[in-house]
Amino acid sequence: MAASWLSGPRSSGPPCRFHALLFVPLLAAFGASELVAAAPVEPDPDPEQVTFAGDVALILQENCQNCHRPGGIGPMSLLTYDEVRPWAQVIKLRVQQREMPPYHYDTEVGIQDLKNDWRLSEEEISTLAAWVDAGAPMGDPADMPAPAQFADGSRFGLENYFERPPDVVVTSPPYAVPEMGADRWWRPTVSSGITDSRCIAGVETMPALAS
């Protein structure tokens with residue numbers, strides 16, 4: 001489901017031109033064009049000191065749990081140690097291959113210091129791998145961060161920015177993703193319902209589970 005915020009009524013000037021073909025993998029790049037200061041490079045963590053409570057839980061909260069939680073679009077919940085522990089080896093593999101989080105921005109070409117960058121840092125990847133290699137220890141429960149608080153999944157995030165709901169909401173037909181198999185790039189064509197020339201001030205997509 002994609003939403004658009006439109007700027008003003010149709011004017012007498014030349015119409016705005018934009019590409020209307022949108023799909024989720026490209027939209028991940030929206031908002032990622034601003035430069036930020038490069039963070040200092042941290043040394044690799046000591047495997048004997050890395051624990052779930054003290055190190056891994058916070059990484060999962062900040063990068064994974066928004067999708068991997070009950071009601072989310074991730075295939076499993078990663079909120080607690082007991083939920084994460086069976087997936088430790090898979091998590092290590094996916095993050096080292098940069099398949100997760102699913103933001104496939106090239107790490108070797110172009111600008112690397114991005115605002116709103118979904119990629120894990122090398123330090124975070126090293127921490128997760130070191131934790132798995134150490135046997136995925138729980139650590140001291142007292143070191144656990146407070147549970148993450150998530151935004152209302154029924155509302156678009158840009159509603160707060162524009163201080164109003166979107167002007168246009170376009171809903172795609174449901175699509176059943178196979179449990180096994182290669183990546184599929186589904187590109188449905190859905191009418192926006194917009195019949196006049198308007199400028200687009202913002203676009204956001206919202207994944208949703210089929211009811």
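Which residue's side chain meets that of R155 in a salt bridge? It is E159, and the separation in that pair is 3.2 Å, N to O. I will come back to that pair, but let me say at the outset that what we have here is a predicted model, and that everything I describe this morning should be heard with that in mind.

Let me begin with the overall layout of the chain. Its secondary structure comes to six helices and three strands, and if you read along the sequence you meet them in the pattern β-α-α-α-α-α-α-β-β. The chain has 211 residues, of which 27% are buried, and its accessible surface comes to about 14,600 Å², with 55% of that belonging to carbon and sulfur atoms. Taking the contacts between residues at least 6 apart in sequence, 72% of them join residues at least 24 apart.

Now to the interior. As a general remark, nonpolar side chains in soluble globular proteins tend to be buried together. In this model the largest nonpolar core has 21 residues, and those with the most contacts inside it are F52, V56, V84 and W131. The elements that give two or more residues to this core are α2, α3, α4 and α5, with α4 covering residues 88-96.

Let me take helix α2, residues 52-63, a little more slowly, where the buried residues are F52, A53, V56, A57, I59, L60 and Q61. What covers these buried residues includes α3, at 81-84, and α5, at 122-133. At the start of the helix, a side-chain oxygen of T51 reaches to within 3.0 Å of the backbone nitrogen of G54. Within the helix, V56 touches V50, T51, L128 and W131, if we leave out residues up to four places away in sequence.

That brings me to W131 itself, which sits in helix α5. Is W131 buried or exposed? It counts as buried, because its relative accessibility is 1%, and the cut-off for that word is under 20%. Leaving aside neighbours within four places in sequence, W131 is in contact with V50, T51, F52, V56, Y81, V84, A88, A136 and P137. For one of these partners, A88, the C-alpha atoms are 8.6 Å apart in space, although the two residues are 43 apart in sequence. The side chain of W131 also has a polar atom that lies 2.8 Å from the backbone oxygen of P137.

A second tryptophan, W186, offers another setting, since its place is in the loop between β2, residues 168-170, and β3, residues 199-205. W186 counts as partly exposed, because its relative accessibility is 34%. Together with Y175 and V177, W186 makes a nonpolar surface patch of about 300 Å².

Let me turn next to H104, which lies in the loop between α4 and α5. H104 counts as exposed because its relative accessibility is 56%, where exposed requires over 50%. If we set aside residues up to four places away in sequence, H104 touches R98 and E99. From H104 to R119 the distance is 7.9 Å, C-alpha to C-alpha, and the two are 15 residues apart in sequence.

E99, one of those contacts of H104, leads us to the charged pairs, of which the count comes to five salt bridges; I will go through some of them. E99 forms a salt bridge with R94, in which the closest N and O atoms are 2.9 Å apart. On the E99 side the relative accessible area is 32%, so that residue is partly exposed, and R94 is likewise partly exposed, with a relative accessible area of 34%.

The pair I opened with is E159 and R155. Here E159 counts as buried because its relative accessibility is 14%, whereas R155 is partly exposed, with a relative accessible area of 39%.

Finally, D167 forms a salt bridge with R164, and the closest N and O atoms in that pair are 2.8 Å apart. D167 counts as partly exposed at 41% relative accessibility, and R164 is partly exposed too, with a relative accessible area of 31%.

Notes
Residues numbered from 1 in each chain as written. Predicted model: local features only at pLDDT ≥ 70, side-chain atom pairs only at ≥ 80, totals over all residues. Heavy atoms only, no water. Helix = DSSP H or I, 4+ residues; strand = E, 2+ residues; numbered from the N terminus. Buried < 20%, exposed > 50% of the residue type's maximum accessible area, 1.4 Å probe, protein only. Contact = heavy atoms within 4.5 Å. Areas by Shrake-Rupley, 256 points an atom, 1.4 Å probe, with all protein chains shown as cover. Patch = residues over 30% accessible without salt bridge, like charges linked within 9 Å, V, L, I, M, F, W, Y side chains within 5 Å. Salt bridge = Lys/Arg side-chain N within 4 Å of Asp/Glu carboxyl O. Polar contact = N/O pair within 3.5 Å; in protein donor to acceptor, adjacent residues only side chain to side chain. Core = buried A, V, L, I, M, F, W, Y, C linked by side-chain atoms within 4.5 Å.
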